[in-house]
Amino acid sequence: MALASRFLSRSKQIHGSLVALQQNHAIPVRSFAKEAARPTFKGDEMLKEVFMEIKTKYNAAVDVLRKEKITIDPDDAAAVRQYANVMKTIRQKADMFSESQRIQYDIETETKEIPDVREYLLKLQEIREGRGLTDELGAEAMMFEALDKVEKEIKKPLMRDDKKGMALLMAEFDKVNKKLGIGREDLPKYEEELELKIAKAQLEELKSDALEAMEAQKKKEEFQDEAMPEVKSLDIRNFI
């Protein structure tokens, strides 16, 4: 069961929220029982709706995990793709963001009050690093160089509401994209690559957790004579 609980914890957006909600608000079961008759306030109904929504998302995720076969083998491209597809199905069933959608949401919410472009780009860098994503192409450095060029031309810091200055920056960004071989039509491909990269990282973490759980099990006297199976042979559905 240790492996199962660790696997379910990968669905942090639902599982983590459910645990946090229970811990932070300490919702007793009797609060929703008929015997607990008491006046109902608007806040109570709102909290109940949040709880039921999280519970529904959690159950939807578990239902998918009970049906879909997952192979814990981060070195197998087919296993990584299958895992990514299962996670996509969970997001669709539970109405959750994809990783790229969540990053976009974070960008929109965390930058909406930022007036100048330089601080905006620094925030983008912070979000990327916080997500553990690497800038393999060196695009960020090129973007800052483009900004330096535009600010030198307009002789002042570039503000996001400066339409003329932003047009100059977009033109410089287009040059950067062309140099890197990036086109807007390729965005779906980059999104898929991001999801596969994240899937591989999560499978690596699952593999590590599974090995740790099996090593702990092996130390118990009743299991010392048993051979531990290969992680990729484990069927998660048997642990849920």
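**Close-up views of a predicted model**

Glu192 counts as partly exposed, with a relative accessibility of 39% (buried is under 20% relative accessible area, exposed is over 50%, and partly exposed is in between, using a 1.4 Å probe and protein chains only). What you're looking at is a predicted model, where local features need pLDDT of at least 70 and side-chain atom pairs count only at pLDDT 80 or more, while totals for chains, interfaces and linings use all residues. Residues are numbered from 1 along each chain as its sequence is written, and side-chain values use heavy atoms, with hydrogens and water left out.

**View A. Glu192 meets Arg81.** The side chains of these two residues, Glu192 and Arg81, form a salt bridge, with N to O at 2.7 Å (a salt bridge is a side-chain nitrogen of Lys or Arg within 4 Å of a carboxyl oxygen of Asp or Glu). Glu192 sits in helix α9 and Arg81 in helix α4, so this pair links distant parts of the chain, 111 residues apart (helices are DSSP runs of H or I, at least four residues, and strands are runs of E, at least two, numbered from the N terminus). Like its partner, Arg81 is partly exposed, with a relative accessible area of 38%.

**View B. The largest nonpolar core.** There are 22 residues in this core, and Tyr83, Val86 and Ile90 touch the most other members (a nonpolar core is a set of buried Ala, Val, Leu, Ile, Met, Phe, Trp, Tyr and Cys residues joined through side-chain atoms within 4.5 Å). Helices α3 (42-67), α4 (77-94) and α9 (187-218) each chip in at least two residues. The largest share comes from α4, with 7 residues. Elsewhere there is a second, separate core of 10 residues, including Phe144, Ala146, Leu147 and Met166.

**View C. Helix α6 alongside helix α7.** The axes of α6 (residues 117-130) and α7 (residues 139-154) come within 11 Å and cross at roughly 175 degrees (axes are lines fitted to C-alpha atoms, for helices over the stretch in contact, with angles from 0 to 180 degrees between N-to-C directions). That makes the two helices, α6 and α7, roughly antiparallel, a label for angles over 145 degrees. On the α6 side, the contact residues include Val117, Leu121 and Arg128, and on the α7 side they include Glu140, Phe144 and Asp148 (contact means heavy atoms within 4.5 Å). Sorted by type, the contact residues are 7 nonpolar, 1 polar and 5 charged (Ala, Val, Leu, Ile, Met, Phe, Trp, Tyr, Cys and Pro are nonpolar, Asp, Glu, Lys and Arg charged, and the others, Gly among them, polar).

**View D. Glu140 pairs with Arg128.** Here's another salt bridge, with the closest N and O atoms of Glu140 and Arg128 2.7 Å apart. Glu140 belongs to α7 and Arg128 to α6, so their pairing ties together parts that are 12 residues apart in sequence. Both Glu140 and Arg128 are buried.

**View E. Glu172 pairs with Lys149.** The closest N and O atoms in this salt bridge between Glu172 and Lys149 are 3.4 Å apart. Glu172 is in helix α8 (residues 163-180) and Lys149 in helix α7, which puts these linked parts of the chain 23 residues apart. Glu172 is buried, at 14% relative accessible area, whereas Lys149 is partly exposed at 45%. In another spot, Glu110, Lys123 and Glu126 are joined into one network by salt bridges that share partners. The whole structure has 14 salt bridges.

**View F. Asp148 and Leu158.** Asp148 lies in helix α7 and is partly exposed, at 39% relative accessibility. Its C-alpha atom and that of Leu158, 10 residues apart along the chain, are separated by 9.4 Å.

Definitions and conventions:
Parallel < 35°, antiparallel > 145°, perpendicular 65-115°, else oblique.
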